[in-house]
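Welcome, and thank you for joining this tour. Please open the structure in your viewer and keep the selection tool at hand.

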Amino acid sequence: RSDPPTNPELLDYLAARFMSEGWSLKKLHKWILLSAAYQQSSDPGPKIVKQNAAIDPNNELLWKMNRRRLDFEAMRDTFLTVSGKIDLRAGGLPVELTSTPFSTRRSVYGYIDRQNLPGVFRTFDFANPDTTSPQRFYTTVPQQALFLMNNPFMMEQARNVMNRPDVAATSTEDERIRLLYRIAFQRGPDSDELKTAKQFLEAQAVAPAVQPEPPIWQYGYGRFDPQTGKVAAFTALGHFTGKTWQAGRKLPDAVHGYVSLTAEGGHPGSSSDRSAIRRWTAPQDGVVTIEGTLSHPSNKGDGLQGRVVSAYQGELKSGVAYNGKTELKLADVTVKKGETIDFVAECRADSNTDSFAWAPKIRYQSTGGGASREFDARKDFGQKIEKPKPLDVWEKYAQVLLLSNEFVFVD
């Protein structure tokens, strides 16, 4: 019911060769890949284009290559390759591709959770893992460009490109631009591209620097120091399941145990230095009112110690919850820009049956008289989006090259 083949003689020839070569798909693939037809450019030159486009505008007879965009896995591997960081080891367990610290393993080893497929996979038309997909669809949507411009993975690769030993060793501006072109495009820049590159670098050099801001909510574990009245250590939880922040992909973690945080509460680790900590950061100078109830619903175990701790002012309030609830409310607390307030859930004698509920609300009023805001730990919970350190002038230029069509399309 489909259209007839455009070149039946070629299909007959390939079928006969396939049989004569012992029915070896590897040999057939190798022969095709090494053929002159397969190795053509998508731009054979204006003379050939003018001549053949009139006869075969859809390129059914394969007089040139059809330009095509890299799929997500190939594109990610290409970014890692030019940055000099790709890990080419064969075999091993799957790895998380979208969480920090970013893995440098090839994308074929990416871990796929069918119930929680990362949004970036869907953005780049990743095949649905729940059904048979004979081919991928290719879409062009704004989210793809936004990923390439803003995602921390892309910024990290731009930095890695500039940190390559060969790039760092360049001594002149022209030399560096030419090397970056060779790394990204396997060619040197023409005179117009070299001029445009210098104009971009000059414009970015005078642009005001953007300072990174910490995320409002962070999720981690650490230790409360009773001598100073402050949190002595805070380590961010590294794995997000879509519903829970935890130390690793499995719970309990082999090292950190059950320490975890959810929208409603969480569970501390097995010792006081692995207390579950939900951290809030003040966006500006202001005054806050804190509401929250620490709840320990089980009549087993020995309950939890809850603490509200300011990085500048020390412990603001504490209470114990065992088979019940304790209110941890505060009013008119003055905070400075960047000051953190930690909601620490700490085990007592042991962490047995220490699951808890605690989703504080913070009403914030800026000292400057701006509009008041409310931060709700339950509603705000989710994937933390940390703003990485801004790129410098040359890192921005490296990222521009990585965003170009010439880089993400195969010619």
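## First stop: a salt bridge

Select Glu193, which is partly exposed, with a relative accessible area of 21%. Now add Arg187 to the selection: the two form a salt bridge, and their closest N and O atoms are 2.8 Å apart. Arg187 counts as partly exposed as well, at 26% relative accessibility. One thing to keep in mind as you look around is that this is a predicted model.

## Stepping back

Clear the selection and bring the whole protein into view. How many helices and strands are there? The secondary structure comes to 13 helices and 19 strands. The radius of gyration is 28 Å, well over the 22 Å that the globule rule gives for 411 residues, so the protein is more spread out than a compact globule. Turn the C-alpha trace along its principal axes and you will find that it spans about 80 × 55 × 40 Å.

Next, switch on a surface. The accessible surface comes to about 23,600 Å², and carbon and sulfur atoms account for 52% of it. Of the 411 residues, 40% are buried. If you colour by charge, there are 52 positive and 48 negative charges to find, and the mean positions of the two groups are 2 Å apart. Contacts are worth a thought too: among those with a separation of 6 or more, 62% are between residues 24 or more positions apart.

## More salt bridges

In total, the count comes to 20 salt bridges. Here are some others to visit.

Select Arg136 and Glu73, which form a salt bridge with their closest N and O atoms 2.5 Å apart. Arg136 lies in the loop between helix H5 (119-123) and helix H6 (142-150), while Glu73 is in helix H4 (residues 72-83), so this pair ties together parts that are 63 residues apart in sequence. Is each partner buried or partly exposed? Arg136 is partly exposed, with a relative accessible area of 24%, whereas Glu73 counts as buried at 18%. The cut-off explains the split, because buried means under 20% relative accessible area.

Move on to Glu291 and Arg363, another salt bridge, with the closest N and O atoms 3.2 Å apart. This pair links distant parts of the chain: Glu291 is in strand S9 (residues 286-291) and Arg363 in strand S17 (residues 361-366), 72 residues apart. Glu291 counts as partly exposed at 32% relative accessibility, and Arg363 is partly exposed too, with a relative accessible area of 40%.

To finish this stop, select Arg76, Asp77 and Arg106 together, as they are linked in a network of salt bridges.

## A buried charge

Now select Asp354, in the loop between strand S15 (340-347) and strand S16 (356-357). Which side chain of opposite charge is nearest to this buried residue? That side chain is Arg348, but it is 8.3 Å away, and Asp354 has no salt bridge. Show what surrounds Asp354: leaving aside neighbours within four places in sequence, its contacts include Gly266, His267, Pro268, His296 and Asp302.

## The loop between S5 and S6

Select Val259, which lies in the loop between strand S5 (245-246) and strand S6 (260-261). Val259 is buried, with a relative accessible area of 0%. Beyond neighbours within four places in sequence, Val259 is in contact with residues including Tyr221, Leu237, Trp245, Leu251, His267 and Pro268. For a distance to try in the viewer, pick the C-alpha atoms of Val259 and Phe407: they are separated by 42 Å, with the residues 148 apart along the chain.

Stay here and select Leu251 and Pro252, which are joined by a cis peptide bond with omega of about 10 degrees. Pro252 also lies in the loop between S5 and S6.

## Last stop: two positive phi values

Select Leu62, in the loop between helix H3 (46-53) and strand S1 (68-69). Its phi is near 60 degrees, a positive value in a residue other than glycine. Leu62 is partly exposed, with a relative accessible area of 47%.

Finally, go to Asp125, in the loop between H5 and H6. Asp125 is not a glycine, yet it has a positive phi of about 65 degrees. At 14% relative accessibility, Asp125 counts as buried.

How values were computed. Residues numbered from 1 in each chain as written. Predicted model: local features only at pLDDT ≥ 70, side-chain atom pairs only at ≥ 80, totals over all residues. Heavy atoms only, no water. Helix = DSSP H or I, 4+ residues; strand = E, 2+ residues; numbered from the N terminus. Rg over C-alpha atoms; globule rule 2.2 N^0.38 Å. Buried < 20%, exposed > 50% of the residue type's maximum accessible area, 1.4 Å probe, protein only. Contact = heavy atoms within 4.5 Å. Areas by Shrake-Rupley, 256 points an atom, 1.4 Å probe, with all protein chains shown as cover. Lys, Arg positive; Asp, Glu negative; His and termini not counted. Charge placed at Lys NZ, Arg CZ, Asp CG, Glu CD. Salt bridge = Lys/Arg side-chain N within 4 Å of Asp/Glu carboxyl O.
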